[in-house]
Amino acid sequence: MSIKLIGFPSSGPLLRVIITLRELGLPYELEIPANIQAIKEEDYIKNKHPFGKIPVLIDGDFVINESRPICTYLVSKYQGKHNNTNLIPSDVHKAGLVGQYVSYESSYYDPPISTIIYQEIYSKKFHNKDPDPEVVKQAREELAKVLDVYEKILEGKEYLNGEYSIADIFHIPSTHYVYGIDAHSDLWDSRPNVKNWWNRLYNREAVKKTFDEIKN
Amino acid sequence: MTIKLIGYPISTPTLRVVICLKELGIPYEFEPPASFQALKDKDYIANKHAFGKIPVLLDGDYVINESRAICRYLVSKYQGKYNDTILIPSDVHKAGLVEQFISYESCYYDSPVSKIIGQEVFAKKFRGKDPDPEIIKQGREDLSKVLDVYEKLLEGKEYLIGEFSLADIFHCPCTNLAYGIAAHSDLWDNRPNVKNWWNNLRNRDCIKKSFEEVKN
């Protein structure tokens with residue numbers, strides 16, 4: 001039975017899972033909910049996600065939700081089964097550091113970048129409001145401080161933990177969205193290590209394919 | 001060489017690690033930083049935590065930070081070595097669900113509880129300000145919705161995935177602070193499954209001992 005993934009195609013959390021599925025060489029089917037209301041219905045809340053969110057992954061009888069746990073589950077079950085790509089090292093110390101960088105993404109990187117995405121992309125699209133320049137300025141300043149730290153962390157390294165890992169993947173969707181806004185790409189491009197890291201991520205086969213799909 | 005934990009007992013992330021160390025029966029030394037300022041020193045930033053935060057764990061030459069990452073590392077390296085306590089099951093599906101509930105804690109539970117304790121516990125102590133009743137009210141409303149979901153999730157279960165796991169531990173520190181404030185314990189006590197779950201947790205030996213350390 002094929003893996004089924006439920007979510008909206010341009011959702012950042014969904015894209016984390018799609019990139020992971022592709023990197024591991026795992027076939028899957030994408031089921032797009034009819035609309036936002038569909039994921040708040042009683043049946044969805046009871047059987048798919050108690051907080052009415054996406055993505056949700058169904059693997060046979062097993063249902064799991066929340067993008068980062070889904071990805072970690074896929075790695076622990078399928079890593080090495082379809083190809084040689086390693087997303088979490090078997091060495092317990094290296095894996096620990098991957099977990100540390102996963103935490104940096106959700107604790108420090110995601111909040112300011114999500115604020116920018118909300119202002120620049122969602123506000124207009126879903127609430128018909130213009131971006132608030134003060135809020136965007138504040139978020140840029142916060143993200144700049146985070147990227148200054150990343151610039152040091154990435155010194156002499158291709159990826160956050162040296163080798164490519166799930167920690168890098170978790171950063172990709174939101175970065176793609178904000179980097180794609182002309183006014184903000186400087187945040188990455190003005191920092192050489194960060195710029196190289198982002199270019200490397202963006203040019204991975206699985207990542208390119210995933211972003212091409214949402215253009216269409 | 002004994003494991004060394006750098007942090008403050010009152011810090012909820014530090015307490016996550018303390019509970020985890022105790023539950024796994026791992027001996028450790030606790031080292032509070034010299035001062036808050038010490039966390040921003042160049043040396044600390046370069047060698048302990050790139051964002052100048054606590055907790056940090058030192059295991060021989062190995063340095064790892066971010067509380068959830070530290071706990072996962074401790075489980076993967078030491079689970080079963082000192083006692084029989086299982087915090088992450090070996091079954092890949094059960095482990096996936098533990099991660100899912102860990103994500104619920106950081107995405108849905110933590111923010112409203114932090115709003116409450118940020119005002120009631122930390123505002124006066126660290127910022128010399130009185131608690132803001134509006135923020136507390138909002139925190140209570142948001143948390144009520146989350147606990148309504150937890151009430152359903154805990155139906156017929158003692159702990160979040162059934163057996164005690166790391167996911168339950170991660171909820172403990174901030175719940176301990178919020179529940180300990182008389183005006184807010186109703187949030188848990190009004191919901192039978194949630195009340196039962198919290199009572200199970202706060203009466204566990206290691207958790208009780210860890211909460212004692214916060215008081216002192």
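Me: Which residue of strand 3 of chain A stands opposite L5(A)?

Reply: L57(A) stands opposite L5(A). Note that this is a predicted model.

Me: What makes strand 1 and strand 3 of chain A a pair?

Reply: Two strands pair if at least two bridges are found between them. Strand 1 (residues 3–6) and strand 3 of chain A have three bridges, in the antiparallel sense. So they meet the definition of a pair. K4(A) has I58(A) as its bridge partner in strand 3. I6(A) stands opposite V56(A) in strand 3 of chain A.

Me: How do you know that strand 1 of chain A also pairs with strand 2?

Reply: The cut-off is at least two bridges. Four bridges join strand 1 of chain A to strand 2 (residues 28–31), and these strands run parallel. That satisfies the definition, so the two are paired. I6(A) stands opposite E31(A) in strand 2 of chain A.

Me: What links strand 1 and strand 2 of chain A into a β-α-β unit, and what is its hand?

Reply: Helix 1 (residues 12–23) of chain A joins the two strands in the unit, which is right-handed. A crossover is called right-handed because, with the strands pointing away from the viewer, the path from the first strand over the helix to the second runs clockwise.

Me: How many bridges join strand 3 of chain A to strand 4?

Reply: Four bridges join strand 3 to strand 4 (residues 62–65) of chain A, and the two run antiparallel. The bridge partner of V56(A) in strand 4 is N65(A). The hairpin of strand 3 and strand 4 of chain A has two residues between the strands. In this hairpin, G60(A) takes a positive phi near 65°.

Me: Why are strand 2 and strand 4 of chain A called edge strands?

Reply: Start with the sheet. Four strands of chain A form an open sheet in the order 2-1-3-4, with mixed pairing. Strand 2 and strand 4 of chain A each have a single partner strand, so one side of each is left without a neighbour in the sheet. Neighbouring strands of this sheet are turned by 20° against each other on average, direction ignored.

Me: Which way do the side chains of strand 3 of chain A point?

Reply: V56(A) and I58(A) point one way, L57(A) and D59(A) the other. In a regular strand the side chains alternate between the two faces of the sheet. V56(A), I58(A), L57(A) and D59(A) are all buried.

Me: What is the strand order in the sheet of chain B?

Reply: The order is 2-1-3-4 in an open sheet of four strands, with mixed pairing. Strand 2 (28–31) and strand 4 (62–65) of chain B stand at the edges, each with a single partner strand, so one side of each lacks a neighbour in the sheet. Strand 1 (residues 3–6) and strand 3 (residues 56–59) of chain B are joined by three bridges and run antiparallel. The bridge partner of I6(B) in strand 3 of chain B is V56(B).

Me: Why is helix 6 of chain A described as largely enclosed?

Reply: 13 of its 14 residues are buried, so helix 6 of chain A is largely enclosed by the rest of the structure.

Me: What is the span of helix 6 of chain A, and where does this helix bend?

Reply: Helix 6 (residues 166–179) of chain A reaches 20 Å from its first C-alpha to its last, close to the 20 Å expected at 1.5 Å a residue. The bend is about 35° at I172(A), and P173(A) follows within four residues.

Me: What makes the approach of S165(A) to A167(A) a polar contact?

Reply: The limit for a pair of N or O atoms is 3.5 Å. A side-chain oxygen of S165(A) reaches to within 3.1 Å of the backbone nitrogen of A167(A), at the start of helix 6 of chain A. The pair is inside the limit, so the distance test is met.

Me: Is E66(A) buried or exposed, and how do you know?

Reply: Buried means under 20% relative accessible area. At 7% relative accessibility, E66(A) counts as buried. E66(A) is found in the loop between strand 4 and helix 3 (67–78) of chain A. E66(A) has a positive phi of about 80° although it is not a glycine.

Me: Why is N128(A) called exposed?

Reply: Exposed means over 50%. N128(A) has a relative accessible area of 65%, so it is exposed. Its phi is positive, about 55°, although N128(A) is not a glycine.

Me: What is the omega of the peptide bond joining I54(A) and P55(A)?

Reply: Omega is about 5°, and the bond is cis. P55(A) is in the loop between helix 2 (42–47) and strand 3 of chain A. In chain B, the peptide bond from I54(B) to P55(B) is cis, with omega near 5°.

Definitions and conventions. Residues are numbered from 1 along each chain as its sequence is written. Chains are lettered from A and ligands numbered from 1 in the order in which they are written. This is a predicted model: local features need pLDDT of at least 70, side-chain atom pairs count only at pLDDT 80 or more; totals for chains, interfaces and linings use all residues. Side-chain values use heavy atoms; hydrogens and water are left out. Buried means under 20% relative accessible area, exposed over 50%, partly exposed in between (1.4 Å probe, protein chains only). The expected span of a helix is 1.5 Å times one less than its number of residues. The bend at a residue is the angle between axes fitted to the seven residues ending there and the seven starting there. A polar contact is a pair of N or O atoms within 3.5 Å; within protein, one must be able to donate a hydrogen and the other to accept it, and residues adjacent in sequence count only if both atoms are side-chain atoms. Axes are lines fitted to C-alpha atoms, for helices over the stretch in contact, and angles run from 0 to 180 degrees between N-to-C directions.
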